[in-house]
Protein chains: 2
Amino acid sequence: MLSPYGMEIVESCLTCKLRADRIFCDLPPTALQNFENIKFATAYPQGAVLFVEGQVPRGIFVICKGSVKLSINSPSGRTMIVKLAEPGEVLGLSATISGKPYEVTAETIDPCQVNFVKRDDFLRFLKEDVEACFKVAEQLGEKYHNACKEVRSLGLSHSAAEKLATLLLEWSSKNGEGAKPEPRLKIRLTHEEIAQMIGTSRETVTRLFAELKKRQIVQSKGSTMVIRNTSALRSIANHN
Amino acid sequence: MLSPYGMEIVESCLTCKLRADRIFCDLPPTALQNFENIKFATAYPQGAVLFVEGQVPRGIFVICKGSVKLSINSPSGRTMIVKLAEPGEVLGLSATISGKPYEVTAETIDPCQVNFVKRDDFLRFLKEDVEACFKVAEQLGEKYHNACKEVRSLGLSHSAAEKLATLLLEWSSKNGEGAKPEPRLKIRLTHEEIAQMIGTSRETVTRLFAELKKRQIVQSKGSTMVIRNTSALRSIANHN
DNA sequence: AGACGCATGTGATGTAGATCACAACAGCCT
DNA sequence: AGGCTGTTGTGATCTACATCACATGCGTCT
């Protein structure tokens, strides 16, 4: 089957090959079957909005493919990007469980495949299965953990340079690039968006990148960036 | 029975009168009995450290009485206070579930009564009881929710005044004072600590308070503060 | 091609708030 | 009383960064 956005949909969670490495999908057969019965497999184009902060929670969204930008917006138009969510993550969990409004806005940044589960179906499902319930607790713990990291980086660092360096190191540690002496990473966001991730202005990000390049710490060809001097970057990240 | 710190210990969760209004304590009889069997009732003096960020998780701490300061510290000596936890809250949950290090440091600010549960006991307990597991998910959701609020306030506001006003309003909304035209609140922290809560310097907090008093927005006698002009404070809180 | 729309790069300027360095007060304890 | 130690209150200075205002580059639509 081919989705509206030129993406093959994985029809069933039971046969999904990616299951094992995904925290939430790896359930025992019976639970998985129950989940299968209440989930809706859906596909979204790039730039689709799954939900908006402040909305009454409709249910949860499990990312199967693609990535989703989570952001917090102020009425005055400012926006802060909290996280880029990857496949396997469950979005809207805490709101769905508590019944309080979604706390972030979720917007796809590539074409995405997503499993949606309605709130009451999901709650019923949880109450019936300890395993699933435990997985949810794990996921929420993970989310809390990330939020703490965010708070730490926002609250404890004195300079934008520090935060940018931290972000680059974090990105570079994905895909097993972290171990390499000169890790590479794909910059998938604009300077504007990076600025929103670290709570600074676009111009500052541009200038900081220029600085890093001048000092030979990073180097960029197109949208891929190479970290040439990891230790220097690390020393910027840990203050000063 | 009298605890070491002149505080009467509530010996059993089964007979605790506070149970109903506490999110985690309000469990069905069987689960509560199980919990009863694995918990250790302990008492701490003011200033005691329950756990430190980075430590391997030993287990969870349920606050029964007193309040606990949760903070995040940087190696360079800076510290950011994340939250003041009140009775009914469970500390160290996410770390205990994931096995990753505690993400914050917990330090009592009054004499406290705390129920401690060892990690493996707790995990076993959870796997046996969906209800409890669900409560845990709720608690974690709550924590995530708070962390998001923190991120919003740190990331989206442009001035320290804004953050201070938000904090005061939040504090004033406790104890049902929020509804009153001129809510009162006890300032239980020093300017230094308030500064650490909103990510600014002590001097700035002092100056901001002086400003608020001069503009007749608040008024303080000793450690209690009266908000005389709620709407003005609110307009400061929502930018500018 | 040219032209429109975005993403970048870079200079000039203004300002909130950090930081330093004290002074003025508490409570305390002896 | 008088000396501690911890909390406030204020002034002077310095700087990182926001903000404004452009210039430049780069892809893609016609």
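Is Gln216(A) buried or exposed? I started my notebook with this residue, and I kept in mind that the model is predicted.

**Entry 1: Gln216 in both chains**

I looked up Gln216(A) and found 10 other C-beta atoms within 10 Å, so Gln216(A) is exposed; the cut-off for that label is 12 or fewer. Gln216(A) sits in the loop between H7 and strand S10 (218-221) of chain A. Then I checked its backbone: phi of Gln216(A) is positive, about 65°, although the residue is not a glycine. I wrote myself a reminder that most residues other than glycine have a negative phi.

Next I turned to chain B. Gln216(B) lies in the loop between H7 and strand S10 (218-221) of chain B. Its phi is near 65°, a positive value in a residue other than glycine. Gln216(B) has 10 C-beta neighbours inside 10 Å, so I put it down as exposed.

**Entry 2: Chain A as a whole**

I stepped back to view chain A, which has eight helices and 11 strands. Its radius of gyration is 19 Å, close to the 18 Å that the globule rule gives for 240 residues, so chain A is as compact as a globular protein of that length. I also noted the span of its C-alpha trace along the principal axes, about 55 × 35 × 35 Å. Buried residues make up 39% of the 240 residues in chain A. Among the contacts in chain A with a separation of 6 or more, 70% come from residues 24 or more positions apart.

**Entry 3: Where the chains touch**

How many residues does each chain bring to the contact? I found 37 residues from chain A and 37 residues from chain B. On the side of chain A that touches chain B, the elements giving two or more residues are strand S5 (79-85), helix H2 (93-98), helix H3 (119-128) and helix H4 (130-156). The largest share of that side, 20 residues, comes from H4(A). By class, I noted 19 nonpolar, nine polar and nine charged residues on the side of chain A.

I then followed up the largest nonpolar core, which has 121 residues. Ala137(A) and Ala137(B) touch the most other members of that core. Leaving aside neighbours within four places in sequence, Ala137(A) is in contact with Ile97(B), Cys133(B), Val136(B), Ala137(B) and Leu140(B).

**Entry 4: Two helix pairs**

In chain A, I looked at helix H5 (residues 160-172) and helix H7 (residues 202-214), which pack at an angle of about 70° with their axes 10 Å apart. That makes H5(A) roughly perpendicular to H7(A). Here Ala160(A), Ala161(A) and Leu164(A) in H5(A) meet Thr204(A), Val205(A) and Leu208(A) in H7(A). By class, this contact has five nonpolar, one polar and no charged residues.

In chain B, I picked helix H6 (residues 191-198) and helix H7 (residues 202-214), whose axes come within 8 Å and cross at roughly 100°. H6(B) and H7(B) are therefore roughly perpendicular to each other. Their contact is made by His191(B), Glu192(B), Ile194(B) and Ala195(B) of H6(B) and Arg202(B), Thr204(B), Val205(B) and Thr206(B) of H7(B). I listed three nonpolar, three polar and two charged residues for this contact of H6(B) with H7(B).

**Entry 5: Leu168(B)**

My last stop was Leu168(B), in helix H5 (residues 160-172) of chain B. Leu168(B) has 25 C-beta neighbours inside 10 Å, so it counts as buried; that label needs 20 or more. Not counting residues up to four places away in sequence, Leu168(B) touches Ile227(B) and Leu233(B).

Key:
Residues numbered from 1 in each chain as written. Chains lettered and ligands numbered in written order. Predicted model: local features only at pLDDT ≥ 70, side-chain atom pairs only at ≥ 80, totals over all residues. Helix = DSSP H or I, 4+ residues; strand = E, 2+ residues; numbered from the N terminus. Rg over C-alpha atoms; globule rule 2.2 N^0.38 Å. Contact = placed C-beta atoms within 7 Å. Nonpolar A, V, L, I, M, F, W, Y, C, P; charged D, E, K, R; others polar. Axes fitted to C-alpha atoms, helices over the stretch in contact; angles between N-to-C directions. Parallel < 35°, antiparallel > 145°, perpendicular 65-115°, else oblique. Core = buried A, V, L, I, M, F, W, Y, C linked by C-beta atoms within 7 Å.
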